[in-house]
Every structure is written in structure tokens, then in C-alpha cells.
Amino acid sequence: KPSRLHACCTHARWCCLLPSHAPVRSSLRAAMAPLHVDGVVADEFLVMLHHVAAASTALQQQQKGSKSKSKSNPSIMLPEPVVAAGRLRLCVARVECALQSLQDALSFCTSVLSLGALKSMLRMLVWNQAAPCNRCGFGRSKQPGEVDRRTSVHWALANMIVQLRGLRKEQRLRQRAIDEFTSKHRISSLLSVRVRRHVDRCRPERVRDANADSLRRSTVELMVDLLEEVRVPPLSAHPFFLNLRTKHPHLVRELCQEALQPILKSLDETVFSAGEACSRMYVVISGHVLYMASVQQQDAPNAQPTLVKRTLHAGQWLSEAALWTGWVHRGELRAVNDSLLFALDASGFARVISSHKSAHSFAAAYARKFVEGLNRGLQTDLVEAGPVDQ
């Protein structure tokens, strides 16, 4: 029979207790180990931009299909994003981006010209000395398939030129994708500059262990800002976070920066499985995911388990229980197609909320209500608390 859960509030945070025969567990017990975060490499970030564009397009179609509903739905009609950027800051960012692009172009041209000059010199040297021995000579005969050192260097330089040209082509394709995204979705100039600089820093040849953490944080911050500008904030549809956004807008932004992490999943890829310890709430940003679970009813322990199956799309969430109590996944979640999800880490969420007294009190009251609802029905990852008291 499923364990009955309880929620209580302490001096600085809430903790959730299991029955008396079970050990006390805190909702902050999770996420001690580092989590895998997508989006460090530039190509992964561009895939995320594609998902952001898809989410924005889907929202626009939804608004056109039901204008009256969108006017009364606060999850759709959100306040305009606040862009704290002066003209001086914007000009500095544009100048830095232009200088970086110019430096990269000059570096590429210098490399190609230098290698091309060396290649030409080696070709002339080899041809001048190769007459007695059919180019692979230098005064002695060679075995079949044997190549001298100069010819090997010649081939190595030619290969390097090809690789440099390939890198340059990839960089141009990335810049074209960014330009198309920013112009189509009318991204502000400052944010567009930040995106270009971030993609430049995330090129595979520049990613190192030393800067991986800073790149991850920058990725999350940019994704949150982009979703704000295209009017699809990642937590806007959830009643708790919608209310928190109204009362503490800066707190929600801090929460996104500290505890939100992007996850890219491909077709039929597993997000989580039944029985795994859960320390994150998942929000679908783009794509579709399928949740399946076989759950035993609490009031009928001898009955057949109930099969739960639901497809979730952009704006929906699951595993919210991980934020309020000790939780283990009751089912399996798989990607129906290429999808982008955001994972809200339980420990980061509690740390940010507990630092604000009024927000902590609001969260503690919500936690009690959520756990009460969790005990009344089927304990699945799809459980929601319902309306939030203002």
C-alpha cells in the first residue's frame, strides 16, 4: 500500500515526513550529485533555439484560435519583459561583438594564407627535387607506398586547410541560424548580441572543463530571457509560479537562474523510469512526451493496478511532488519526438525560496495543500495541487 505523506513547516524550510516507522526525509535530500546539463556546445544551444521558436509559434497559433480565452488566461497574457539595458551598454556589447567577429575573421584568413604559402613552398621544393626519384626520391629509391617527411607535412597542411574551411563554414551556418531566429521573433538588440557572443564562446574547440560551469549558467540565463521575450516563460502555466511571479518577479528570475536546467531529448529517449529517486520537477517547453504508469489505488490494495497514460505537450509539467516531499517516480516518461524540457532542481528551489520569508510562508502553505491532495488520489507524477489561494 502506498505510504501516506505529510508536510510540515520548519524555521527555515519545509520538510516532508513519512510514517513513523520510516526514517525522516527532507525535500532537500536530492541533487547532491552533479546533474547532466545539455546546451554547453554551440550546436546544442542552436537546437534549443529551434525549440524556443516552435514553442513561440505554437503559442501564437493558440492565441489566434481562441482570442477570448487568451485575454482571460494570465498564463498567456503576461506582462511585457523588462529589459534592463541602457544605450551605452548596448553600444558596448555591439562593439565587442563586432571586434570579436573581426578578430575571428582575421585569424582565419591569416591561418589559411600562412598554410597556403607553406603548402606552395613545399610543392615547389618537392617538385624541384623529385625528378630523379619520381617526387618521392631525394637521391635514393623508395619502397612501394613509402612517403618521405616533406610529402607527409605537405599532406598534413592540406588537411589542416580543409578542416579550417569546414570550421569557418560551420560558424557561418550558426550565425545565419541566429540571424534568422532573432529577426523572425523580433529579439531585442542587446539579447541578440548576447546570443551571438554565447554561441561564439560555446564553439566545440573553445569548450573546456574550466569554463563548462559558466557556460551552463549562461545557457540557462539566455534561454530564460529568450522565452520571456517570445512570451513563453518556462514556469508561467503553473499556478504556484504564476502567483509567485506576480508577488515576487525578481525571485522567479533568481529561481530560474539557480535551479532551472535544460534537457534535450530525442525520439523514444527515456527521461526517467519507474522506481528512480526523483529530485526534479519537469516542465515541457517544446515537443511531446508520453507518461505511463501502473499505480495501485490506496483505498483498494487488493484491486488491480490502474493504468495511467498521458501525452504531455508544451506548458505542462510533472513530478511536482519532488519539490514538496520525498518522491520516487511512479511511472516512465519517454519523448514522443524531439523535445526540450526544463528540470527544476528541488534543492536549488528550496534554497532560493527559503531565503525570502513571505515566499517561504506561501510555499509552505502550498506544500501542505499539495500533499493533502496527493494522499487523497492516485500517487502519480501527474498530481497537481489545483487552484492557488492568493
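F342 sits in strand β12 of this predicted model. With 1% relative accessibility, F342 falls below the 20% limit and so counts as buried. The chain around F342 has 390 residues, of which 43% count as buried. Its secondary structure comes to 10 helices and 12 strands.

**F342 and its surroundings**

- Neighbours within four places in sequence left aside, the contacts of F342 include M223, L227 and P234.
- F342 is also in contact with L260, Q261 and P262, and with M281, Y282, V283 and I285.
- R280 lies 62 residues from F342 in sequence, yet the two C-alpha atoms are 9.4 Å apart in space.
- Contacts between residues distant in sequence are also found across the chain: of the contacts with a separation of 6 or more, 77% are between residues 24 or more positions apart.

**The four-stranded sheet**

- Strand β12 belongs to an open sheet of 4 strands, in the order β3-β12-β6-β9.
- The pairing in this sheet is antiparallel.
- Strands of a sheet pair through backbone hydrogen bonds, and the pairing can be parallel or antiparallel.
- β3 (260–265) and β9 (317–318) are the edge strands; each has a single partner strand, so one side of each has no neighbour in the sheet.
- β6 and β9 run antiparallel and are joined by 2 bridges.
- V283 has W317 in β9 as its bridge partner.
- Helix α6 lies across β3, β6 and β12, and runs at about 85° to β3.

**Helix α7**

- Helix α7 covers residues 239–247, and its buried residues are F240, F241, L242, N243, L244 and R245.
- These buried residues pack against helices α6 (212–229), α8 (249–259), α9 (346–354) and α10 (357–376).
- They also pack against two strands of the sheet above, β6 (280–286) and β12 (339–345).

**Strand β7 and its partners**

- Which side chains of β7 are buried, and which are not? V289, Y291, A293 and V295 point to one face and are buried, while L290, M292 and S294 point to the other face and are not.
- In a regular strand the side chains alternate between the two faces of the sheet.
- Strand β7 (residues 289–295) is joined to strand β8 (residues 306–312) by 7 bridges, and the two run antiparallel.
- Another 5 bridges join β7 to strand β11 (residues 331–335), again in antiparallel fashion.
- L290 shows both pairings: it stands opposite T311 in β8, and its bridge partner in β11 is R334.

**The cavity and R174**

- Rolling a probe the size of a water molecule over the atoms shows where empty space is left.
- The count comes to 1 cavity of 30 Å³ or more, and the largest cavity holds about 40 Å³ of space.
- Helices α4 (149–184) and α5 (189–201) are the elements that give two or more residues to its lining.
- The most comes from α4, which gives 3 residues to the lining of the largest cavity.
- The lining of the largest cavity is made up of Q171, R174, Q175, V199, D200 and R203.
- By type, these lining residues divide into 1 nonpolar, 2 polar and 3 charged.
- Is R174, one of the lining residues, buried or exposed? R174 has 5% relative accessibility, which is under the 20% limit, so it counts as buried.
- R174 lies in helix α4.
- Beyond four places in sequence, R174 is in contact with A42, D43 and L46, and with V199, R203 and P204.
- Of these contacts, V199 and R203 also line the largest cavity.

**Two residues with positive phi**

- Most residues other than glycine have a negative phi.
- R186 is not a glycine, yet its phi is positive, near 55°.
- R186 is found in the loop between α4 and α5.
- R186 has a relative accessible area of 74%, which is over 50%, so it is exposed.
- D268 is also not a glycine, and has a positive phi of about 65°.
- D268 is placed in the loop between β3 and β4 (270–272).

How values were computed
Residues are numbered from 1 along each chain as its sequence is written. This is a predicted model: local features need pLDDT of at least 70, side-chain atom pairs count only at pLDDT 80 or more; totals for chains, interfaces and linings use all residues. Side-chain values use heavy atoms; hydrogens and water are left out. Buried means under 20% relative accessible area, exposed over 50%, partly exposed in between (1.4 Å probe, protein chains only). Contact means heavy atoms within 4.5 Å. On a 1 Å grid over the protein atoms alone, a cavity is a set of points where a 1.4 Å probe fits but cannot get out, and a pocket is an open set with protein on both sides within 12 Å along at least five of seven lines; lining residues have an atom within 4 Å of a point. Grid points are joined across faces, edges and corners, and a volume is the space filled by probe spheres set on the points. Ala, Val, Leu, Ile, Met, Phe, Trp, Tyr, Cys and Pro count as nonpolar, Asp, Glu, Lys and Arg as charged, and the others, Gly among them, as polar. Two strands pair if DSSP finds at least two bridges between them. Axes are lines fitted to C-alpha atoms, for helices over the stretch in contact, and angles run from 0 to 180 degrees between N-to-C directions.
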